[in-house]
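Good morning, everyone, and thank you for letting me take a few minutes of the meeting. Please have a look at the sequence and the structure on the screen, and then I will walk through some parts of it with you.

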Amino acid sequence: MVLSDRTIKEEIARGRIIVEPLDPACIQPASVDVRLDRKLLVFRNWQPPFYIDVKKDLEGLTEIVEIEDEKPFFLQPGEFVLASTLEDITIPDDIVGRLEGKSSLGRLGLLIHSTAGYVDPGWRGHLTLELSNVAKLPITLYCGMKIGQISFLRLTTVAERLYGDESLGSKYQGQTEHTESRFYQDFEKKSRW
């Protein structure tokens, strides 16, 4: 069951769902708008290696770019960057979140996630956004702009293991800004078996 604005406000008031900072105007009928933070992680496709090896740490393949006040970042056609929400979000043990784009931005060709739209029970941190421009023209990105929305769904029961549980191998718990892929850690664990 998707939580309504009334229930979202109740869960926030009880401290079970945390969205900080929260602009009350961001609470929609069945979701909360999230905003774009200042830092972007841009892939360096102009220097070797000219490929991504999923078994290796991405360090050196990316660089941080900051969006200046009132000056946009131009997301080029076909470009992919990582960003994060301005908001720090905490999800309780009996709720999941669904991160979705804003339809007005989708109509311009801006996608905010490839596959990472699911927010597990127990999540704490800023959500990483996977921004892609599928339009044929550059799209401007401004710090603080509404970039997406998170809706909340109640589970049938409390989850047995929450995101961040050591047995799950959660890689991103508590992140405070965009975080590049840590998929390579799965291969490191496999080699220790």
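Let me begin with a pair of charged side chains, those of Glu-11 and Arg-16, which meet in a salt bridge with a distance of 2.5 Å from N to O. I should say straight away that what you see is a predicted model, so please keep that in mind for each distance I mention. As a reminder, side chains of opposite charge can pair when their charged atoms come close.

Is Glu-11 buried or exposed? Glu-11 counts as buried, because its relative accessibility is 3% and the cut-off for buried is under 20%. Glu-11 also has a salt bridge to Arg-154, where the N to O distance between the side chains is 3.1 Å. Since Arg-154 lies in strand S12 while Glu-11 lies in helix H1, residues 5-13, this pair ties together parts that are 143 residues apart in sequence. Arg-154 itself is partly exposed, with a relative accessible area of 27%. If we step back from the single pairs, we find a network of salt bridges that links Glu-11, Arg-14, Arg-16, Asp-94 and Arg-154, and for the structure the count comes to 10 salt bridges.

Another of these pairs is formed by the side chains of Arg-38 and Asp-69, which meet in a salt bridge at 2.8 Å, again from N to O. Here Arg-38 lies in the loop between S2 and S3, and Asp-69 lies in the loop between S4 and strand S5 (73-75), so this salt bridge ties together parts that are 31 residues apart in sequence. With a relative accessible area of 25%, Arg-38 is partly exposed, whereas Asp-69, at 57%, is exposed.

Let us now turn to the strands. Strand S12 covers residues 146-154 and pairs with S2 in the antiparallel sense over four bridges, and in this pairing the bridge partner of Val-34 is Gly-148 in S12. Both strands belong to an open sheet of four strands, in the order S2-S12-S7-S9, with antiparallel pairing. Which strands stand at the edges of this sheet? They are strand S2 (32-35) and strand S9 (118-119), and because each has a single partner strand, one side of each is left without a neighbour in the sheet.

Strand S3, residues 39-43, pairs in the antiparallel sense with strand S4, residues 62-66, over five bridges, and within this pairing Phe-43 stands opposite Thr-62 in S4. S3 is also joined by two bridges to strand S6, residues 80-90, and these two run antiparallel, with Leu-82 in S6 as the bridge partner of Leu-41.

Phe-43 brings us to the aromatic rings, for the structure holds one aromatic pair. The rings of Phe-43 and Phe-80 have centres 5.9 Å apart and planes at 40°, so the pair is tilted. As Phe-43 lies in strand S3 and Phe-80 in strand S6, the pair ties together parts that are 37 residues apart in sequence. Phe-80 is partly exposed, with a relative accessible area of 29%.

Staying with strand S6, I would like you to find Thr-85, which lies in this strand and counts as buried, with 0% relative accessibility. What does Thr-85 touch, if we leave out residues up to four places away in sequence? Thr-85 touches Val-34, Arg-35, Asp-37, His-126, Leu-127 and Leu-129. A polar atom of the Thr-85 side chain lies 2.8 Å from the backbone oxygen of Glu-87. The C-alpha atoms of Thr-85 and Lys-146 are separated by 9.4 Å, although these residues are 61 apart along the chain.

Finally, a word on the cysteines. How many disulfides does the structure hold? The number is zero. Cys-26 is buried, with a relative accessible area of 1%, while Cys-143 is partly exposed, with a relative accessible area of 28%.

If you take one picture away with you, let it be Glu-11, which is buried and belongs to a network of salt bridges together with Arg-14, Arg-16, Asp-94 and Arg-154. Thank you for listening.

Methods. Residues numbered from 1 in each chain as written. Predicted model: local features only at pLDDT ≥ 70, side-chain atom pairs only at ≥ 80, totals over all residues. Heavy atoms only, no water. Pairing = 2+ DSSP bridges. Disulfide = S-S within 2.5 Å. Buried < 20%, exposed > 50% of the residue type's maximum accessible area, 1.4 Å probe, protein only. Phe/Tyr/Trp six-rings, centres within 6.5 Å; stacked < 30°, edge-to-face > 60°. Contact = heavy atoms within 4.5 Å. Polar contact = N/O pair within 3.5 Å; in protein donor to acceptor, adjacent residues only side chain to side chain. Salt bridge = Lys/Arg side-chain N within 4 Å of Asp/Glu carboxyl O.
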